[in-house]
Amino acid sequence: MALELFNTLTGKVEPLFASDGKALRFYCCGPTVYDYGHIGNFRTFLHVDVLRRAIKLHDIGVHHVMNITDVDDKIIRNAAAAGKPIGEYSSKYERAFFEDMNALGCETPEDIARATEHIPEMVELIQRLAAEDIAYQTEDGSWYFRIARFPAYGQLSGKDLEGIQDGARIDSDEYEKDSARDFALWKSAKPGETSWDTAIGNGRPGWHIECSAMALRYLGDSFDLHAGGEDLMFPHHENEIAQSEACTHVQFARHWFHVRFLLVEGRKMSKSEGNFYTLRDLLLKGYRASAIRFLLLSVPYRQQLNFTFEGLAAETAAVDRLRTFQARVRDGKWLDTASDPELATIIRKSDEGFVAALANDLNTAEARAAIFDLLRAVNTSADQNKLTRADAEATLAVLAKFDSIFSVLEDHDAELTRAALAWAEAEGRMAEVAPEVLEAFGSSSLSDAAIDALVAERTLAKKQRNFARADAIRNELLEKGILLEDSKDGVRWKRK
Ligand code: AMP
Ligand code: ZN
C-alpha cells in the first residue's frame, strides 16, 4: 500500500515517493532560535517526525534537511537587549531546541543547516536573480525580489494577485498575511547590527532566502517534499518557490506538507491570553514528555488539535496502559499451544489497520485506535488464560511497529523531568516547579547556590522594606524543604 499524503500545491491526496528511487528528499523549515520552543512549534515538528518515520516504514530512505534561523529581526532585537552577540544569544536557544526535540522523541534530520553558515550560498542566489533582473537594489543598498517578474507567484497559497502594486515593498521578517509585495532578499547593514560584507554589499539576509539557498544546496534544484506549519504557506513558502524557481526554472518542491496550528483550551495560544506553553513549562508542572508527544500526535496533522490539560492527563493514562500492556505480554507465561485463529485474525487486522491509517494521509488517530483494539482483544485473551506464546509474539511485533512511529513505550520520563528541574535550577526558575514535582523528585534538586541566591534576594527585599516579597521567598523555600533562621550574624538555612 502506497503512502499517500495531501499536497497543498495540488489540493489532492497523492502517493509519496522518492523521485531518485532511493531517498525521499525533504526540507522542513526549522525554528527561529530566539526563545524556547512552544507546544505549537512542537506539534509541527512532531508530525514531521511521524512523516519521516512513516516513510521509513515503507522502506523508503529519507534525506531530511532542517534549517536553523539564527539571524532575523527578533534575534537581533533580543540579542541587543541582552547585550550579547547574536551567535551567543541564539546558541543557547538552539541547544535548548535540540534538547526538547530529543525529549519529545524526534529523530535528528540528516542535515541541519544554520543560516549564518550559508551566507555565500544566499549571496550567490541573489546574484543569479539580479542577473535575470528579478532582484533589484534600492537606494539604501537592500535587495528585493520583484514579484511582478514571477507570474507563477501565488500558486501555493492560491492568492489572487490582481491589483498588486509593482514595486510595493516589505522588509520585515515577520509575517505579512494578506498582501503580496516585493520582499527583502538582503537588508543593508544598520549601525550596531550584525552584517556580512559581501559582493552584493554589506548587510544580512532576509528570512526567505535562507530556506531557498539551503534547500537547493542540500537537496538539489528539485526535490520531493517541503514541510512547515500552516502559517508558513504564505508568504514564506510562496517566496521560497519564487526565489528558487526564478533561478532554476524547474519545480522547487513537488509536494507541500503543512501542519495545522493547535488551540489551547479552545483558544489561540498566546502569551497575552496566558495559555502559552513551552515544553519546559509543562515538564515543570509535572506532565510527562511521553504524554505530551502522544497528545500532540493524537489528532491528524490537517485537523485542529485542541490542547487541554484534561487531554494531557488522559494521554498520560493511555501511555501507561500501553506500557503495562507491553510488559504483560512480554513477561507473561503463555500457552505453548497453537495460535488462536480468531485472535490471530484480530492481531493481523490491527497491524494492517495501523499501517493503512498511516498510509492514508498520516491518520494518527486511526492508527492509534487500531492499537487500542489490539490491546483490548489480547488483554481479554490473557485474562482468560487463553493467550498463546505465538499470539503474544505477534502482538509484540505489532507494538514494535506502532512504537517505530509513536515512540512512547520506552520510559525516559523521570530522567527528562529531572533534566528539566536541573535547567530550572540553573536558570533560577524553581518557583515555577509544581509542588508535586518537588515532592516526587526531592527538594535536593534545589542547589546550595540557588538557595543562597534566594536568601540574598530575601535579605535585600527586607532591607528595601518589601516584606511581602521577603515572606514569599521564605514560604517558597519552606515548601521546598528549606528552613531559614534569622540570627544576628545573618541568615542561616538548613534542609529539613
Ligand atoms: P518559528 O520558530 O516561529 O519559525 O516556528 C517553527 C515552526 O513551528 C514553523 O513550522 C511554524 O509554522 C510552526 N508553528 C508555529 N506556531 C505554531 C502553532 N501554534 N501550531 C503549530 N505549528 C506552529
Ligand atoms: Zn523556511
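Helices (H or I, at least four residues) and strands (E, at least two) are DSSP runs, numbered from the N terminus. The legends below use these labels, and the model they describe is predicted.

**View 1. Ser298 stands in a loop that follows a helix.** In this predicted model, Ser298 is found in the loop between helix H8 (289–296) and strand S16 (305–307). Is Ser298 buried or exposed? With a relative accessibility of 13%, Ser298 counts as buried, because buried means under 20% relative accessible area. A polar atom of the Ser298 side chain lies 2.7 Å from the backbone oxygen of Leu295.

**View 2. A zinc ion (ligand 2) is held by three protein donors, Cys29, Cys211 and His236.** The donor atoms are SG of Cys29, SG of Cys211 and NE2 of His236, and they lie 2.0 to 2.2 Å from the zinc ion (ligand 2). Along the chain, these donors follow the spacing C-x181-C-x24-H. Cys29 belongs to the loop between strand S3 (23–28) and helix H1 (39–57), while Cys211 belongs to helix H5 (residues 207–219), so the pair ties together parts that are 182 residues apart in sequence. Cys29 counts as buried at 5% relative accessibility, and Cys211 also counts as buried, at 0%.

**View 3. The second largest cavity holds about 60 Å³ of space.** Rolling a probe the size of a water molecule over the atoms shows where empty space is left. The structure holds three cavities of 30 Å³ or more. Among the residues that line the second largest cavity are Phe45, Val48, Asp49, Arg52, His64, Met66 and Cys106. Which element gives the largest share of this lining? Helix H1 does, with four residues, and H1 and strand S4 (61–68) each supply at least two residues. By class, the lining of the second largest cavity has seven nonpolar residues, one polar residue and three charged residues.

**View 4. The second largest pocket has a volume of about 330 Å³.** There are 18 residues lining the second largest pocket, and the closest to its centre are Asn102, Gly105, Ser407, Glu410 and His412. Which elements give two or more residues to the lining of this pocket? They are helix H3 (86–103), helix H8 (289–296) and helix H13 (413–426). The lining residues of the second largest pocket divide into six nonpolar, five polar and seven charged. Domain 1 (16–259) and domain 2 (267–406) each contribute at least three residues to this lining.

**View 5. The protein is divided into domain 1, domain 2 and domain 3.** Domain 1 covers residues 16–259, domain 2 covers 267–406 and domain 3 covers 444–496. How far apart do the C-alpha centres of domain 2 and domain 3 lie? The distance between these C-alpha centres is 45 Å.

**View 6. Glu432 lies in the loop between helix H13 and helix H14 (435–441).** The relative accessible area of Glu432 is 39%, and this residue is therefore partly exposed, a class that falls between buried (under 20%) and exposed (over 50%). Glu432 can also be compared with Gly37, since the two are 395 residues apart in sequence and 17 Å apart in space, C-alpha to C-alpha.

Conventions: Residues are numbered from 1 along each chain as its sequence is written. Chains are lettered from A and ligands numbered from 1 in the order in which they are written. This is a predicted model: local features need pLDDT of at least 70, side-chain atom pairs count only at pLDDT 80 or more; totals for chains, interfaces and linings use all residues. Side-chain values use heavy atoms; hydrogens and water are left out. On a 1 Å grid over the protein atoms alone, a cavity is a set of points where a 1.4 Å probe fits but cannot get out, and a pocket is an open set with protein on both sides within 12 Å along at least five of seven lines; lining residues have an atom within 4 Å of a point. Grid points are joined across faces, edges and corners, and a volume is the space filled by probe spheres set on the points. Ala, Val, Leu, Ile, Met, Phe, Trp, Tyr, Cys and Pro count as nonpolar, Asp, Glu, Lys and Arg as charged, and the others, Gly among them, as polar. Domain bounds come from an automatic or database domain assignment. Donors are N, O and S atoms within 2.8 Å of the metal (3.2 Å for Na, K and Ca); water is not among the atoms, so sites may look incomplete. Buried means under 20% relative accessible area, exposed over 50%, partly exposed in between (1.4 Å probe, protein chains only). A polar contact is a pair of N or O atoms within 3.5 Å; within protein, one must be able to donate a hydrogen and the other to accept it, and residues adjacent in sequence count only if both atoms are side-chain atoms.
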